[in-house]
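Colleague: Could you take a close look at one part of this model for me, namely the sheet, and then set that part in the context of the helices and the partner chain? I would like one connected account rather than a list.

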There are 2 protein chains.
Amino acid sequence: MTVARAVETLLPDYQIIYYGDLARTPYGNKSSEAIIEYSLNNTAFLLEHGARVIIIACNSAASVASDILRQQFNAPIFEVITPAVERAVISSVTGKIGIIGTRATIRSGIYEQKIIQQAPGFRVFSKACPLLVPLVEEGWTDARETKMILRKYLAPLKQKQIDTLVLGCTHYPLLKDLIQYRMGKSRVRLIDSSIEVALTLQKYLSENPEFGKTLQRGSENKYFVSDMTKAAVNTAEKIFGRHMDLKKV
Amino acid sequence: MTVARAVETLLPDYQIIYYGDLARTPYGNKSSEAIIEYSLNNTAFLLEHGARVIIIACNSAASVASDILRQQFNAPIFEVITPAVERAVISSVTGKIGIIGTRATIRSGIYEQKIIQQAPGFRVFSKACPLLVPLVEEGWTDARETKMILRKYLAPLKQKQIDTLVLGCTHYPLLKDLIQYRMGKSRVRLIDSSIEVALTLQKYLSENPEFGKTLQRGSENKYFVSDMTKAAVNTAEKIFGRHMDLKKV
């Protein structure tokens with residue numbers, strides 16, 4: 001949702017077809033095998049519904065399924081990790097980068113691998129934060145309990161004196177202010193993978209105008225979900241700041 | 001898992017066939033439609049694998065799917081709610097009963113409905129506690145943050161001066177000590193739905209010895225899961241206090 005919101009803001013002319021697999025989320029606590037299977041299903045669904053460019057708008061899925069999706073499908077596939085890595089490497093002065101994400105994302109080691117590939121001297125410190133997704137979904141984005149849990153999760157990263165922190169989960173932008181406060185406003189730069197992937201797609205479309213011309217424009221955006229609850233609608237409306245017409249499929 | 005453990009302890013002679021749908025959990029934040037669909041699948045799986053008695057060992061599933069499962073399948077079907085309700089009604093002196101559970105369970109209103117049916121003068125106070133499942137799954141069963149979150153969730157129930165509190169989710173027995181401490185040891189009696197359903201099954205088998213004789217005995221218990229992660233194995237081993245051989249299907 002945070003990715004769809006960022007794409008909508010940066011590229012308002014293009015049609016968005018969104019699919020949120022709420023019937024099987026959260027992905028972050030599941031095995032790589034399960035996440036890969038779900039990601040294959042979801043991508044097929046989007047292509048069947050007319051998508052021409054795919055964004056894997058979930059770090060857990062991107063971390064374990066990107067390569068397989070690129071092998072299986074022909075459409076250009078973007079994901080939230082590579083753009084965040086590029087921005088983090090440019091942003092860091094001291095070469096000490098922190099990553100926070102779900103268990104699946106951190107277990108994959110993909111951020112370390114990609115950062116070290118681009119900047120061999122850099123040091124990467126990772127921390128799985130499995131409670132942050134449920135805290136966001138509970139709507140506790142400013143609660144005292146959330147602040148305490150963030151303090152616990154972020155303490156080891158703070159101690160390493162990182163200067164850049166990647167929000168390696170698309171739920172975390174909703175906690176951006178609390179995380180920024182905890183890490184120190186002038187000390188640590190936060191990288192929001194939702195915004196970075198939208199910027200990368202914008203750049204791709206401006207560099208490939210012929211391809212961009214073939215994409216649907218001016219049509220209404222479609223927001224599909226595999227399960228519908230009041231809490232999900234509330235979160236969607238908080239992210240988009242307007243009434244959201246989710247369609248259950 | 002807590003239900004399987006209770007059944008294993010009370011009825012060690014009988015074979016247990018367990019199925020944990022970890023690929024799609026948690027159920028508690030999902031819609032009733034999704035939970036019903038999954039419960040139908042899971043019950044069919046257990047019957048295909050030789051189960052003769054079904055226990056719906058999840059309050060979220062029991063609260064929305066029990067009636068439909070009983071219509072669809074012939075086997076005796078037990079669930080975690082009815083036995084907990086009976087025990088709560090017997091246990092309460094003041095007639096003020098609290099219920100904690102997932103969003104799906106609390107939204108269903110099933111505990112209120114069943115308690116009032118049995119004890120029309122009673123008052124029932126419910127509170128959805130969506131963060132407790134992820135806290136248990138994170139292994140924070142004794143963390144300061146968990147205590148704070150429990151304080152917040154339980155405050156309205158404490159204020160109502162309930163004398164009985166139903167742990168309306170099979171994860172909550174792992175937080176029993178913290179919940180008991182928070183509610184006051186001598187003031188509030190906790191009802192553990194996992195233990196109550198195992199006692200009910202034990203009673204049923206002793207009252208129906210002919211049926212009991214037809215059940216498989218002495219065979220090895222089977223623990224199937226639809227997804228396998230290290231965290232799930234850790235939780236299982238914490239509950240059973242031994243090495244657990246989960247089988248992914």
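**The sheet and its surroundings**

Modeller: In this predicted model, Val225 of chain A has Lys248(A) as its bridge partner, the latter lying in β9(A). That pairing belongs to the contact between strand β8, residues 222–225 of chain A, and β9(A), two strands that run parallel and are joined by two bridges. Both strands are part of an open sheet of three strands in chain A, whose order is β1-β8-β9 and whose pairing is parallel. The edges of this sheet are formed by β1(A), residues 17–20, and by β9(A), residues 247–248, each of which pairs on one side only.

Turning from the strands to the helices, helix α1 (residues 2–10) of chain A and helix α10 (residues 193–207) of chain A have axes that come within 8 Å and cross at roughly 40°. Because angles under 35 degrees count as roughly parallel and 65 to 115 as roughly perpendicular, this crossing makes α1(A) oblique to α10(A). The crossing of these two helices is right-handed. On the side of α1(A), the contact is made by Thr2(A), Val3(A), Ala6(A), Val7(A) and Leu10(A), while α10(A) contributes residues including Ile195(A), Val197(A), Leu199(A) and Gln202(A). Sorted by class, the contact of α1(A) with α10(A) comprises nine nonpolar and three polar residues, with no charged residues.

As for the partner chain, 21 residues of chain A are in contact with 21 residues of chain B. Two elements of chain A, α7 (132–137) and α8 (144–159), give two or more residues each to the side that touches chain B, and the largest share, four residues, comes from α8(A). By class, that side of chain A has 10 nonpolar, three polar and eight charged residues. Since 100% of the interface residues of chain A are also interface residues in chain B, the copies meet through the same surface.

The relation between the copies can also be put in terms of a superposition: a turn of 180°, with a shift of 0.0 Å along the axis, lays chain A on chain B with an RMSD of 0.0 Å. The two copies are therefore related as by a two-fold rotation axis. Within chain A, the C-alpha nearest that axis belongs to Arg24(A), at 2.4 Å from it.

Conventions. Residues are numbered from 1 along each chain as its sequence is written. Chains are lettered from A and ligands numbered from 1 in the order in which they are written. This is a predicted model: local features need pLDDT of at least 70, side-chain atom pairs count only at pLDDT 80 or more; totals for chains, interfaces and linings use all residues. Two strands pair if DSSP finds at least two bridges between them. Copies are superposed by least squares on the C-alpha atoms of residues with pLDDT of at least 70 in both. Two residues are in contact if their C-beta atoms, placed from the backbone, lie within 7 Å. Ala, Val, Leu, Ile, Met, Phe, Trp, Tyr, Cys and Pro count as nonpolar, Asp, Glu, Lys and Arg as charged, and the others, Gly among them, as polar. Axes are lines fitted to C-alpha atoms, for helices over the stretch in contact, and angles run from 0 to 180 degrees between N-to-C directions. Angles under 35 degrees count as roughly parallel, over 145 as roughly antiparallel, 65 to 115 as roughly perpendicular and the rest as oblique. A crossing is left-handed if the near helix is turned anticlockwise from the far one by less than a right angle, and right-handed if clockwise.
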